[in-house]
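Open the model in a viewer with selection by residue number. The stops below say what to select and what is there.

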Amino acid sequence: MSVRGFTVLGVRITLAGALLVCAVPAQGNLQDWLDEIKTQGADATPELIHKIARLKTRAALTGLISVYDTVPSVYVRREVVRALAVFDGVAEAEQPALEKMANVATGAKQPELRQAAVASLAGCMHLGKHFLAVIVESKAFDDVRVQAMRAHIKQADKADAAWYRRLWVPPSRRTKYQPDLEKRTEHHEIRELAFGAIATNLPDKELVDLLENETNPKIRRGALAALHAREAKATQKQALKLLKSVDASGIDRARAAEILAAIQGPKIGGRLLALAKKRAVTQADLRQTIARLLVEMNDKATNKKLARLVGRGRPHEKVFALLATVHLDNPKLLKKIRTGLADRSFEVRRTTARVLAERGDRGSLPALMAILDKPITPGDLRVAIEAVGTLKGNDTAWTTRLKTWIGNADRDMRNAALSQLATSTAGVDALVTALQHADWTTRLIAIKGLEALRDKRAVPALINVLAREEGRMKVATADALWSLTAKVFEDNVSRWQTWWDKEGNAFSVISQDDLKAAAKERELRRLRQTTVATAKFFGIRIVSHRVIFIIDTSGSMVEPVPGHKIGKRVATRIEIAKRELLQCIDNLEPNALFNIFAFSSGLDRWVPKSLGVTSGHTRDKARVWVERLGAGGGTNLYDSIQIAFGDPDVDTIFIMSDGEPTVGEVIDQHRIRENVKFWNKNRGIKLHTIAVGGSLEVLEWLAKDSGGRYVMFR
C-alpha cells in the first residue's frame, strides 16, 4: 500500500519529489556510516543508525530509507523504523519519513516491523496522528489497525469526534445518524475503541438508542456505563430493562445488576435473590455476580434468607447459596456448608470444597481427607487435593503424601498432586522424576514447576529430556532452560550439554532482573535469524505436533465473507475454513499428529478415536475429508470441546466458529468457560480461537484462559 497523497481529518498530505533526490548534501561522515551499516548487514549496531537519524537532514533520511530497503535483516529494519520518528517536525524530511513508517505498518510481512512502525508514529506529535488515522482506514492487518487506533485515541482532541463516530456507527444505523456515510462493516474492536473515545459526549437519547438496537455487546455495556457515570435519569430504567431481558447475555445482565446495586443498595436485594433462584432464565455468570453483590451489600435481612438457603433446593440454588454466604461465619452455618461435600451433584461438591478452602476451614479437613480415600467420582480426588493443599500449605506430612500420588494412574489425581508439589522446593526431586512420565500433561507441569521454583537441580534434568521432546513440549523445555540460565541455545541439545559439562559446577540460577536484561540479547538473536516458514491457521503459528482442529459447519457458515474471493465469486465462511485447513495439512511438520472435528448440531471426526498419523497417504485422505465438508444445523460448541479434551494426546486445539452456542449439553457461555477451565487446570492444553464474521466473547475467553490467541476474521 502507498499512502502518497491523501486527506485525513481535513489535512492534505503530499510528497513532493522523489526520495532519492537529496535536498541537502550529506553531512560529516554520513556516507561512511551508511556504507558501514550496509557492510555489517544484520550485525549493524543500532547506535550508528540512530546517530545518522540525529543529523535530521533529508540526506540522512534518504540514507536510512535506503538501508531499510537494501538490508534484509528484520533487526536492522526495525531499528531504522524506530529512528525515523526523529524526523517528525523536520520540515524537509517529516512527510517522507512518516510516509515510510505508514507504508511499513500497512505492508511489512513481519509483525515486529509493523508494530514498531505504529509505535514510532505514536511518538510523532506533529503529524503522527494523521498517519495513524490512515492506517486505521487502510486494509492493513487488523492487529495493526487496532494498535494504531489505540495510539490515535491517546492523542485525541475534540476535532476527532466526527471521525470516531464514522468508525463506530454501524451500517444499519448510519441513515439515522450520518446518512452520507458509506455502508461498510467495521472491525469490532475498532468500533468499540471509537465508541469509547466519544461515549462520554454522546447525548442520553443516543445512548438509550444504542442499548436497544446495538448488536455489539461491549458497546451496549459501554453505553449503560456512560449513562451511569453521568447519573442520567434513564440509567435505572435501562438497567432494569436489561436485567429483565432473558434474551440478553449473562454478562450484559450482570453489568446491569451491578449498576442497580450501586444505585439502590440493599433495596434491590430481594429482586436479585429471586432472580438467582431461576435457572431457566438466569445465566451462570449473572447468578455468580448476584452472589457477589449480595455479599458486598451484607444486608442483615437478606443474610438471614441466604443462610436458610444453604444445602437446600436444586444444584444451581445450592451453589448460589454457597457463594452468597462466604461472608457469614457461624458454627451452625459452617456445619451445613460441609454437608455439601457429600452432595449428589459434582458441581455442588466442587464449589463446597473451594468455599471451605477459601474460608480457611480446617475443621473440614477430616471430611476432605475421607474423600481422598473414597471419592464419589474420580474428579472428587482432584477437588479434595486442591482444597486440602490450600488448608495445609507446605505441611511436611501432606507433602510426603502428595509424593506418593505422582505415579498414580489417574491423571487428574497425579497432576493435582504434582501441581501442589510445584509450589515448594521440597517438590523439586518429584518434579525431576515426573519429567520422565509417559503423559505429556504431567511432564508439562513438571517443566513449568521447575521453571517457577528456580532451583539449580532443574537444569541438567531439563537438558536430559530436551532431546526427547518435540513440538510444543520441546519449545516449553527450551524456554524453561532459558528462564533459568539466560543462555540462548534454544533447542540445541549439544550446546546445552557442552555448556553444562564445562560450567555446571559453578552455575547459579540467574536472577529475574538479570533475566530481563538478557531478554534483549535473545530478541536480537531471534530477529537476526532468517525467518523459517511454518504452518499457520488463520495467521496463528502451529508449533505443536499434537493438534485438533474444531471447525464450525453450522448453517450460518454458508454466508459469504465480503472481500474474500474464490475465483471471481465471494467465498463463504465454510470455504475459507476449508482453505485454511488444507494449507495446514500441507505445511504441518512430517511427524505431527492431528485430527479434525466438524461440528454443527452433532459432531463428525476425521479420525474416529484419536489423533491421526501424518504420512503422505494419510494427509491425502484428510484432504478429501475436508473437501467434502458441508454446512447445516446448529452450533454444538460445548460437546465438541469436551470430546476433544477426551483425547489424551492433544496439547493444542484450534476452534473456528461464527456463532454463539445453540445446541449441546451446555449452551450457557459462562458455564462453558468455567467447565473448560476446570478440565484444563492441570492439563495445559492451549486453545487458539477464531471468530468468523463477528466477535464471540466465549471464544475470546477460552483463548485467554489457556494462554492461546483469539483472532477475529473478517
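**Stop 1: the sheet**

Select strand β5 (residues 546-552): 6 of its 7 residues are buried, so the strand is largely enclosed by the rest of the structure. Buried means under 20% relative accessible area, exposed means over 50%, and partly exposed lies in between (1.4 Å probe, protein chains only). Helices (H or I, at least four residues) and strands (E, at least two) are DSSP runs, numbered from the N terminus.

This is a predicted model, in which local features need pLDDT of at least 70 and side-chain atom pairs count only at pLDDT 80 or more, while totals for chains, interfaces and linings use all residues. Residues are numbered from 1 along each chain as its sequence is written, and side-chain values use heavy atoms, with hydrogens and water left out.

Add strand β8 (residues 593-599), which runs parallel to β5 and is joined to it by 7 bridges. Two strands pair if DSSP finds at least two bridges between them. To check the register, pick Val547, which stands opposite Phe594 in β8.

Now add strand β10 (residues 652-657), which pairs with β5 in the parallel sense over 5 bridges. Ile548 has Ile653 as its bridge partner in β10, and Phe549 stands opposite Phe654 in that strand.

Extend the selection to the whole sheet. It is open, has 6 strands in the order β9-β8-β5-β10-β11-β12, and its pairing is mixed. β9 (603-605) and β12 (710-713) are the edge strands, each pairing on one side only. From one strand to the next the twist averages 15°.

**Stop 2: a tryptophan after β9**

Select Trp606, in the loop between β9 and α33 (616-627). Is Trp606 buried or exposed? Its relative accessibility is 13%, so Trp606 counts as buried. For a distance check, add Gln110: the two residues are 496 apart in sequence and 34 Å apart in space, C-alpha to C-alpha.

**Stop 3: a helix pair**

Two packed helices are described by the angle between their axes and the distance between the axes. Show helix α19 (residues 315-324) with helix α21 (residues 346-359); they pack at an angle of about 5°, with axes 9 Å apart. Axes are lines fitted to C-alpha atoms, for helices over the stretch in contact, and angles run from 0 to 180 degrees between N-to-C directions. α19 and α21 are therefore roughly parallel to each other; angles under 35 degrees count as roughly parallel, over 145 as roughly antiparallel, 65 to 115 as roughly perpendicular and the rest as oblique.

For the contact (heavy atoms within 4.5 Å), show side chains on both helices. From α19 come Pro315, Lys318, Val319, Leu322 and Leu323, and they meet Glu347, Val348, Thr351, Thr352, Arg354 and Val355 of α21. Sorted by class, this contact has 6 nonpolar, 2 polar and 3 charged residues. Ala, Val, Leu, Ile, Met, Phe, Trp, Tyr, Cys and Pro count as nonpolar, Asp, Glu, Lys and Arg as charged, and the others, Gly among them, as polar.

**Stop 4: positive phi**

Most residues other than glycine have a negative phi. Select Lys56, in the loop between α2 (46-53) and α3 (58-70). Lys56 has a positive phi of about 55° and is partly exposed, with a relative accessible area of 43%.

Next go to Ala486, in the loop between α29 (471-485) and α30 (493-503). Its phi is positive too, near 65°. At 14% relative accessibility, Ala486 counts as buried.
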